[in-house]
Amino acid sequence: MNRHPVVKIGLLGLGTVGSGVVKMLENHPEALLERSGNDVEITKILVRDLDKQRAVDVPRERLTQNVAEIIQDPEIDIIIEVMGGEEETKQIVLAALEQGKHVVTANKDLIALHGAELSRIAEENGVELHYEAAVAGAIPILRALRQSMAADQIVEVMGIVNGTTNYILSKMTGEGASYDEVLAEAQMLGYAEADPYADVSGLDAARKMAILASIAFHRPVALADVAIQGIEKITQEKIAAARAQGGVIKLIGRAQRVGADVLVSVGPMVLSNDHPLALVNDSYNAVHVRGEALGEAMFYGRGAGMMPTASAVVGDLLAVLRSPQMAQGHAELRLAGVLR
Ligand SMILES: NC(=O)c1ccc[n+]([C@@H]2O[C@H](COP(=O)([O-])OP(=O)(O)OC[C@H]3O[C@@H](n4cnc5c(N)ncnc54)[C@H](OP(=O)(O)O)[C@@H]3O)[C@@H](O)[C@H]2O)c1
């Protein structure tokens, strides 16, 4: 008899990212088993509309509009939150953590505003909270800062962490088109939202920089502490002036250690053409880190999209499955004779 532990998962949201997570688990069901020793099964999925056409086939009886059916299900150990939203979602995630469930989320709005509180509640309840996908999508920068670079003194983190604005600025630079023209094209191609405010104002990048700075500098950085400027006022004249100086305009998030303080800002910056971030174009993201011992390192990749984002979410799921808390739960089941 197969007596691998089957870990039950509740998925909140079956849109772009949620569908990617389902696809990844369907495409490589053996991967998590091999790498964690657990089978996983998504047993319930929260959606708004039960009848909507989905990018993946899931049994209809797994869908629910009632979040309590998931949060209060004692068989569900892990919640994957990919529904988006702030206040209502915060209450849901808090309730899940307080019920002793591990949480993986891709929600930068939630983590930038409430990450410190949610991390504290997770710790108090002995459960894991992971949010790698919330910053720069597929790029594993949070785990690298938390683990591989944890011993170093980070001096500066600079990032292109919003794909929409990088796409707009790349097109304006490469094709000489105006901001309004490129924005309209980006909206038509689905690279920019119908309401592009959060992207073009720099707010989305600021949320990600608040999260990045908190982890890089080991202290809470609030969104309100980030100085924000958007790209709405970038013109062809400014791009030409940057070019004449041997540079290019990028929307840069920057977090620097200055004495005892950490200064965080988002805004258009002229980067010299030989800066590693100057070469990051289209909708790609990149994060450039300077550390006392490390020197320089750069992380480059897809900042959004169904499968890139799902890869970060499922990576976090694997981290939960490998966590001491999960292992302890299984050890108790083995002692009780339920598992081999
Ligand atoms: N898309 C990306 O590339 C990307 C990248 C990084 C991070 N993220 C983050 O990942 C999260 C999800 O993004 P997404 O693009 O996948 O969003 P999305 O396509 O709009 O999907 C959201 C899903 O959540 C469900 N949902 C939302 N509010 C709900 C509610 N109150 N009750 C029940 N169901 C609800 C929706 O149900 P219906 O389908 O029934 O409407 C939908 O299935 C967001 O926090 C986003 O910031 C996204």
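Here is a short round of questions and answers about the structure above.

Q: What kind of model is this, and how are its residues numbered?
A: It's a predicted model, where local features need pLDDT of at least 70, side-chain atom pairs count only at pLDDT 80 or more, and totals for chains, interfaces and linings use all residues. Residues are numbered from 1 along each chain as its sequence is written, and side-chain values use heavy atoms, with hydrogens and water left out.

Q: What makes up the secondary structure of the protein?
A: You'll find 13 helices and 12 strands. Those are DSSP runs, numbered from the N terminus: helices are H or I with at least four residues, strands are E with at least two.

Q: Why is the protein called as compact as a globular protein of its length?
A: Its radius of gyration is 21 Å, and the globule rule gives 20 Å for 340 residues; the two are close, so the protein is as compact as a globular protein of that length. The radius is taken over C-alpha atoms, and the rule is 2.2 Å times the number of residues to the power 0.38.

Q: Why does Gly 230 count as buried?
A: Buried means under 20% relative accessible area, exposed means over 50%, and partly exposed is in between (1.4 Å probe, protein chains only). Gly 230 has 13% relative accessibility, so it counts as buried. Across the protein, 50% of the 340 residues count as buried.

Q: Where is Gly 230, and which residues is it in contact with?
A: Gly 230 is in the loop between strand 8 (226-228) and helix 11 (236-244). Leaving aside neighbours within four places in sequence, Gly 230 is in contact (heavy atoms within 4.5 Å) with Val 200, Ser 201, Gly 202 and Pro 268. Gly 267 is 37 residues from Gly 230 in sequence, with 5.8 Å between their C-alpha atoms.

Q: Why is Ala 184 called partly exposed?
A: Ala 184 has 43% relative accessibility, so it counts as partly exposed. Ala 184 belongs to helix 8 (residues 179-189).

Q: How do you know which residues the two domain annotations cover?
A: That comes from UniProt, in an unreviewed entry: "Aspartate/homoserine dehydrogenase NAD-binding" is placed at residues 13-132, and "Homoserine dehydrogenase catalytic" covers residues 140-318. Such annotations may be inferred rather than shown by experiment. In the model, residues 13-132 are 44% helix and 18% strand, while residues 140-318 are 40% helix and 28% strand.
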